[in-house]
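Trainee: I'd love a close look at one part of this protein, the nonpolar core. Could you walk me through it?

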Amino acid sequence: MPKENQLIIKLMRDKIKEYDEVARAAENFVRTVAEGNSKYARTLFTEDAVLFGILDGVLEHGSIDQFYKNCDTIGGDPNFKARIDVLAVEETVAVVRVLEENWGNRIDFTDYLLLLKLNGEWKCVAKAYNQNSNTIAK
């Protein structure tokens, strides 16, 4: 096959420094949930960010404002625990998984955050989540 017709795929992970910056950005998400105060997440999410997930069996989707409202309404919990896993960083896009235990004193979530590097800063444009089935209110 001639060289000009060959597809060259270059997989490149970013430097550790970028992974650390993404994790630091995601800490604003965790802090919001832990403290029940949306002010931290508001620095992470873009104004037009969206969320998708199923909360207690009901589809929740739309503006990230719903997440802010949930956190501000439920409040913080000293027993809340979270783990941030930076799954991928590719120059201007990153994927983060946040494992949450005991949100609102009852729910375990797995959140996926999609971040873009905008004007040199990591910003979240979308949040999708799963509520662990053993924490769904019947």
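Trainee: To get my bearings before we go inside, in what order do the elements of the protein run from the N terminus on?

Mentor: Happy to! Keep in mind that this is a predicted model. Starting at the N terminus, the order is α-β-β-α-β-β-β-β, which gives two helices and six strands. Of the 138 residues, 37% count as buried, and the C-alpha atoms fill a box of roughly 60 × 30 × 25 Å along the principal axes.

Now to the core itself. The largest nonpolar core has 29 residues, and Phe29, Leu44, Phe45, Phe67, Leu113 and Leu115 are those with the most contacts inside it. At least two residues each are supplied by helices H1 (16-35) and H2 (65-74), and by strands S1 (45-55), S4 (93-103), S5 (107-118) and S6 (121-131). The largest share, seven residues, comes from H1.

Leu113 is a good place to zoom in. Leaving aside residues up to four places away in sequence, Leu113 touches Ala26 and Phe29, then Leu44 and Phe45. The list of its partners goes on with Ala94, Val95, Val96 and Val98, followed by Cys124, Ala126 and Lys127. Three of the partners just named, Phe29, Leu44 and Phe45, are also among the core residues with the most contacts.

Stepping back to the whole protein, consider contacts between residues at least 6 apart in sequence: 51% of these join residues at least 24 apart. As for the outside, the accessible surface comes to about 8500 Å², with 53% belonging to carbon and sulfur atoms. There are 18 positive and 22 negative side chains, and the centres of these two sets lie 3 Å apart.

Methods. Residues are numbered from 1 along each chain as its sequence is written. This is a predicted model: local features need pLDDT of at least 70, side-chain atom pairs count only at pLDDT 80 or more; totals for chains, interfaces and linings use all residues. Side-chain values use heavy atoms; hydrogens and water are left out. Helices (H or I, at least four residues) and strands (E, at least two) are DSSP runs, numbered from the N terminus. Buried means under 20% relative accessible area, exposed over 50%, partly exposed in between (1.4 Å probe, protein chains only). Contact means heavy atoms within 4.5 Å. Accessible areas come from the Shrake-Rupley method with a 1.4 Å probe; for residues, only the protein chains shown count as cover. Lys and Arg count as positive and Asp and Glu as negative; His and the chain ends are not counted. The place of a charge is taken as NZ of Lys, CZ of Arg, CG of Asp or CD of Glu. A nonpolar core is a set of buried Ala, Val, Leu, Ile, Met, Phe, Trp, Tyr and Cys residues joined through side-chain atoms within 4.5 Å.
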